[in-house]
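Q: I am in my first year and would like a close look at a single part of this structure, explained slowly and in connected sentences. Please begin with the chain as a whole, and then settle on the part you choose and stay with it for a while.

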Amino acid sequence: MITKIGKAGANTQGVLRYLYGPGRANEHTDPHLVASWDGFAPDPGRDATATLTQLATVLDLRVKQAGARAPDKYVWHCSVRTAPEDPALTDEQWAALARRILNATGIAPSDDPDACRWVAVRHADDHIHIVATKVRGDLTPPRNWNDYLRADKECAAIEKEYGLRQVARGDRTAAKRPTRAEQEKATRAGHTATPRVTLRATARMAVAAATDTEEFFAILSGAGVLVNIQRFPSGDIRGYKVALSDDTNAKGEPVWFSGSTLGPDLSYPKISERLTPTKSAPIRRHSDRRYTAWQKVTDAADRIPSVLDEADDAAGQAHVTVLAEALDALPLIVPDGYKPQLARAAAAFERASRSHIRARHQQAQATRQAIKAILREPAPKDGALIAILLDALILAVVAAQDWHHTRHHNQQAEAARQTAEHLHAAYQAAAVQPLAVIHQRGLRLAVNVQQRQAALVRQVLPTLAEQILTEPSWPALAATLTDVQRAGHDPTVLLTEAARRRELGTVTSINDVLVWRLRRSAHLPATLQDPPARDDPRGPSAVPAAQSPSKAASNSPRRR
């Protein structure tokens, strides 16, 4: 159940005319009163002798009596809506809920005979509108400060008592939603997103890509966004505004949005804080192989779950923020086929990127630098690199979901859950071709090698072994375990570590998950050719010969 309290107005009859009218799309059916302050208010919906003017007059009586003492904006309007899956409530139930919300907000305390006058109008199965005039019987205004939070808290209690869907409550850190006027304007212009949403996404991508605030503004301008930088008399930057060139007001002027109205973390001070260079410990490197920016980001994402488990809240929030930057950056550089799902993932995680906890951004600076580095490298054409990174990001997002959940950040936890679903869809698309290549190599393994890898799985993962060995993708895991051993690693240790990183009983394919975890942990080449064997105690005959460079290249194109 959610409530929406609009801005106070000064036209009682105008509000009533909308509530009793057909609606903007003829969606209003059978408008009628379900309750009023005294139970005797005229109902134009059910009483043929009653009129809107009569109802507005009795509601405005005390406003007229108060005269100059009445507030300029005296009409209080609150809508209350249930979830689509909730059962339809009766008029009597809606009446009781209206009184509870009026009592909670201070508009009409239940034990106050001088409370404000109000009515509750129902014109649909799933919601009501409460209209009140903010003058009490003693001609003073009500004490309804912080009414939205009070109403929201009462709704949470109502949900439990009535068995309704329990909506995730916010912590006032969400970005402002587009207004109805913005949505209708975008629809008329044929746009699927409002300027506010488009500018927010563009600004977040710019933050993820920029190395300083000057480059941030340059990226925005390069993306076709109008930028207005505001300065103090000293010349220092005070803030900024952005607009779309085709979004204008009635005078033909651009409709500007300040950074803080796009999102609490997009104000100039917040962006400047994140883009301030700081010294940070480098991410660990694999000493005997060229360590690309993509590998750095993957390694950094791989460590986020353990950081969230072990670090304090300020450091944890910093890593959640930088995880959002990684998701914002990916749509800029991946092949076109992956962009829609990754853009949806970034949009979903936007809500999960903030909480009331103040981030200590310097704790995540090394990861932030790695993210910016991948934007300056050629985009990978091999789906393996993308699949490996997405697998690490899915783990990190699931860890962020748990981190938010344990701190009762309900909206953020739900946003992270939705993000993981989008990432999983993108991962499945990226993993198909490279997994097929690894699978074919697994089918060519010598029988004694396959048997040895199966015995290893039974030893390390006895409860999951039979499921792993009977999955169609088992040859891919067998090939990867062989690659791990040939690269000089202990497959027992790495397989144990890979299985611990996430509960494996609910994944679609255990083998697929373990393949990428092992390849990531062992820093195996993402191009999927057989890795060069180190001193294998079993000799060169233990593993079939590697593919020729030309054949490996044909199976999986190299990044150019």
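A: A residue is called buried when its relative accessible area is under 20%, and exposed when that value is over 50%. With that cut-off in mind, and remembering that this is a predicted model, we can say that 51% of the 560 residues of the protein chain count as buried. The chain contains 22 helices and eight strands, and its C-alpha trace spans about 100 × 60 × 45 Å along the principal axes. If we take the contacts between residues with a separation of 6 or more in the chain, 72% of them join residues that are 24 or more positions apart. The surface that the chain exposes comes to about 26500 Å², and carbon and sulfur atoms supply 52% of that area.

The part I have chosen is a sheet. Five strands build this open sheet, and reading across it gives the order E1-E3-E5-E4-E2, with antiparallel pairing. At its edges lie strand E1, residues 2–5, and strand E2, residues 32–36, each of which pairs on one side only. From one strand to the next, the twist averages 25°.

Let us begin at the edge formed by E2 and move inwards. E2 pairs with strand E4, residues 117–124, in the antiparallel sense, and four bridges hold this pairing in the description. Two positions help you to find it on the model: His32 stands opposite Arg122 in E4, while Ser36 has Val119 of E4 as its bridge partner. Notice how the residue numbers show the antiparallel sense, with the higher number in E2, that of Ser36, set against Val119, and the lower one, that of His32, set against Arg122.

E4 also pairs with E5, and here seven bridges join the two antiparallel strands. Val121 of E4, for example, stands opposite His129 in E5. A hairpin connects these two strands, passing from E4 to E5 through two residues. Is E4 mostly covered or mostly uncovered? It is mostly covered, since eight of its eight residues are buried, and by the cut-off given above this means that each of them has a relative accessible area under 20%.

The sheet also has helices packed on it. Helix H4, residues 91–105, lies across E1, E2, strand E3 (75–81), E4 and strand E5 (127–133), and it runs at about 50° to E2. Helix H5, residues 147–162, packs on the sheet as well, where it touches E1 and E3, and its direction makes about 160° with that of E1.

To close, two residues elsewhere in the chain show how burial and contacts can be read together. Thr298 has its place in helix H11, residues 293–310, and it counts as buried because its relative accessible area is 5%. Leaving aside neighbours within four places in sequence, Thr298 is in contact with Ile388, Leu389, Ala392 and Arg520. Ala314 belongs to helix H12, residues 313–329, and at 17% relative accessibility it also counts as buried, because the value is under 20%. When residues up to four places away in sequence are not counted, Ala314 touches Ile357, Arg358, Ala359 and Arg360. Ala314 and His361 are 47 residues apart in sequence, and their C-alpha atoms are 8.2 Å apart in space.

Terms used
Residues are numbered from 1 along each chain as its sequence is written. This is a predicted model: local features need pLDDT of at least 70, side-chain atom pairs count only at pLDDT 80 or more; totals for chains, interfaces and linings use all residues. Side-chain values use heavy atoms; hydrogens and water are left out. Buried means under 20% relative accessible area, exposed over 50%, partly exposed in between (1.4 Å probe, protein chains only). Contact means heavy atoms within 4.5 Å. Accessible areas come from the Shrake-Rupley method with a 1.4 Å probe; for residues, only the protein chains shown count as cover. Two strands pair if DSSP finds at least two bridges between them. Axes are lines fitted to C-alpha atoms, for helices over the stretch in contact, and angles run from 0 to 180 degrees between N-to-C directions.
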